[in-house]
Amino acid sequence: MNTNAALQTQGQTATTFASSLSAKLVDAIRTNARVLRYLASSLSSTALDYTMLLILNATIGGVFLPVALARVSSCSLNFALNRKVFNARGGIVATAIRYAIMAASVMTMSYLMIQALVSAGMALWMASLTANTSLFIVNYLAQSRLVYRAPAQQPVPAPALATAA
């Protein structure tokens, strides 16, 4: 095999490898696009939640009121963003009610975890990050399966069979 043919074969192999790799990367991104969009919306909401929590704690003190007010604000942003992430179909009111129930449950879990960690001596900022990070998967599953689920398909009745009389 001459040198030119060997280089050409190596070039084709490298091109095939790069093409295969980029195709796999594109497939992985498509497959995980919803999770990546959810991650981006969650990080945006978390930034708002965390910033408001620290500001409110510094100005009014305590844990409950700052956690509750920060969570209401970040949940409002998160609801608006995740309607697009999960391609929400159906009525906004029904979806908002399901989201509010889920958010109240998660806020309660978050508050209890933060309060326990702060009572154990952890700094508020670290307790908040720890509690909310641990609830990430719970949030994703609740939103994808309960809040933004596709409406149940109504069964289509089978056509009546014509009978000869």
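1. The secondary structure of this chain comes to six helices and zero strands, and, read from one end of the sequence to the other, the pattern is α-α-α-α-α-α. Please keep in mind throughout that this is a predicted model.

2. As for the chain overall, 25% of its 165 residues count as buried. Among the contacts in the chain with a separation of 6 or more, 68% are made by residues that lie 24 or more positions apart.

3. Helix α2, which runs over residues 33-60, offers a simple check on geometry: its 28 residues, taken at 1.5 Å a residue, should span 40 Å, and because its end C-alpha atoms are 40 Å apart, the expectation and the model agree. Just after α2 comes Gly-61, which takes a positive phi of about 75°.

4. Which residues of α2 are buried? They are Tyr-38, Ser-41, Ser-42, Ser-45, Asp-49, Leu-53 and Leu-56. The elements that cover these buried residues include α3 (64-85), α5 (124-134) and α6 (136-147).

5. One of the buried residues of α2 deserves a paragraph of its own. Ser-41, which is found in helix α2, has a relative accessibility of 5% and therefore counts as buried, since the cut-off for that word is under 20%. The side chain of Ser-41 reaches the backbone oxygen of Tyr-38 at 3.0 Å. When residues up to four places away in sequence are not counted, Ser-41 touches Asn-78, Leu-81, Asn-82 and Val-85.

6. How many salt bridges does a search of the whole structure find? The search finds one, and in it the side chains of Asp-49 and Arg-71 meet at 3.2 Å, taken from N to O. This pair links distant parts of the chain, with Asp-49 in helix α2 and Arg-71 in helix α3, 22 residues apart. Asp-49 is buried, and Arg-71 is buried as well.

7. The next point concerns the packing of α3 against α4. Two packed helices are described by the distance between their axes together with the angle between those axes. The axes of α3 and helix α4 (residues 92-119) come within 10 Å and cross at roughly 145°, and the crossing of α3 and α4 is right-handed. On the α3 side the residues that meet α4 include Phe-64, Val-67, Arg-71 and Phe-79, while on the α4 side those that meet α3 include Ile-92, Tyr-99, Met-107 and Ile-114.

8. Is Leu-135 buried or exposed? Leu-135, whose place is in the loop between α5 and α6, is buried, because its relative accessible area of 5% falls under the 20% cut-off. Leaving aside neighbours within four places in sequence, Leu-135 is in contact with Val-106, Met-109, Ser-110 and Met-113. Leu-135 and Met-107 are 28 residues apart in sequence, and their C-alpha atoms are 9.8 Å apart in space.

9. A last residue to look at is Ser-144, which lies in helix α6. Its relative accessible area is 18%, which is under 20%, so Ser-144 is buried. The side chain of Ser-144 reaches the backbone oxygen of Leu-141 at 3.4 Å. With neighbours within four places in sequence left aside, Ser-144 is in contact with Phe-86 and Arg-149. Finally, Ser-144 and Ala-88 are 56 residues apart along the chain, and their C-alpha atoms are separated by 9.8 Å.

Technical notes:
Residues numbered from 1 in each chain as written. Predicted model: local features only at pLDDT ≥ 70, side-chain atom pairs only at ≥ 80, totals over all residues. Heavy atoms only, no water. Helix = DSSP H or I, 4+ residues; strand = E, 2+ residues; numbered from the N terminus. Expected span 1.5 Å × (residues − 1). Buried < 20%, exposed > 50% of the residue type's maximum accessible area, 1.4 Å probe, protein only. Contact = heavy atoms within 4.5 Å. Salt bridge = Lys/Arg side-chain N within 4 Å of Asp/Glu carboxyl O. Polar contact = N/O pair within 3.5 Å; in protein donor to acceptor, adjacent residues only side chain to side chain. Axes fitted to C-alpha atoms, helices over the stretch in contact; angles between N-to-C directions. Left-handed = near helix turned anticlockwise from the far one by under 90°.
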